[in-house]
Amino acid sequence: INEKLKRKSKDGKFVVATTSLAGCFGCHMSLLDINTELLDVLEIVEFNKSPLTDIKKFSKQCDIGLVEGGCANSENIEVLKEFRKKCDILVVFGECAIMGGIPAMRNFISLKECLEEAYINGLTTELGANVIPNHEDIPKMLDKVYPCNEIVKVDYFIPGCPPNANHIWKVIKNILLEEEYSITHEEFKYD
Ligand code: SF4
């Protein structure tokens with residue numbers, strides 16, 4: 001491990017948290033798509049709250065929070081605000097987190113119409129169904145889907161759908177090490 005890292009890290013490692021808001025989990029799949037290099041990542045990084053660890057609650061302040069997906073409901077907002085508070089550096093990755101992505105396609109339709117289409121009028125809806133789920137335990141849908149930076153301050157954005165795995169980890173490592181980072185064409189092309 002780089003000496004600089006050892007000096008900077010707590011318990012010898014940087015602490016990283018991740019979450020998936022309104023996304024398809026593809027960005028998280030991409031995080032794991034670095035094969036054996038994941039072992040190098042684990043040498044310098046310890047995961048805290050994350051679907052990757054199944055740790056549900058923050059147990060300490062984190063160096064970096066990685067957020068996939070935008071905000072489509074009240075719970076997404078709550079989680080995003082908590083990440084902002086508990087993570088020194090907040091990184092959003094993937095188009096859903098940056099621009100709302102696919103879920104934001106509903107932004108052109110009223111919420112009422114969306115819910116009616118999903119639960120009452122949709123082709124796959126059971127005939128005669130006329131109930132839109134509404135329980136205090138179900139997070140309230142927002143009027144539209146919001147990109148993360150419209151809810152909290154975001155420090156870094158990593159575009160892509162999903163972003164390339166090596167690209168994500170190179171950016172994270174370079175942020176942690178405070179090194180300059182140049183993007184290769186291979187890591188940043190979308191064709
Ligand atoms: Fe899925 Fe793409 Fe959105 Fe990532 S950016 S959550 S891969 S749709």
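**A short walk through the loops and one helix**

Select Phe25 to start: with 12 C-beta neighbours inside 10 Å, this residue counts as exposed (the cut-off is 12 or fewer other C-beta atoms within 10 Å of its own, with C-beta atoms placed from the backbone; 20 or more would make a residue buried, and anything in between partly exposed). Before you go on, note that this is a predicted model, where local features need pLDDT of at least 70, side-chain atom pairs count only at pLDDT 80 or more, and totals for chains, interfaces and linings use all residues. Residue numbers run from 1 along each chain as its sequence is written.

Stay on Phe25 and check the backbone: phi is positive, about 80 degrees, although the residue is not a glycine. Phe25 sits in the loop between strand S1 (14-20) and helix H2 (26-31). Helices here are DSSP runs of H or I with at least four residues, strands are runs of E with at least two, and both are numbered from the N terminus.

Next, pick Asp54, in the loop between strand S2 (45-47) and strand S3 (62-68). Asp54 is not a glycine either, yet has a positive phi of about 65 degrees. Asp54 counts as exposed because it has 8 C-beta neighbours inside 10 Å.

Now hop to Val41 in helix H3 (residues 37-44). Val41 has 16 C-beta neighbours inside 10 Å, so it counts as partly exposed. Draw a C-alpha to C-alpha distance from Val41 to Gly23: you should get 24 Å, for a pair 18 residues apart in sequence.

Last stop: Pro162, in the loop between strand S7 (156-158) and helix H7 (165-176). Show the peptide bond from Cys161 to Pro162, which is cis, with omega near -10 degrees.
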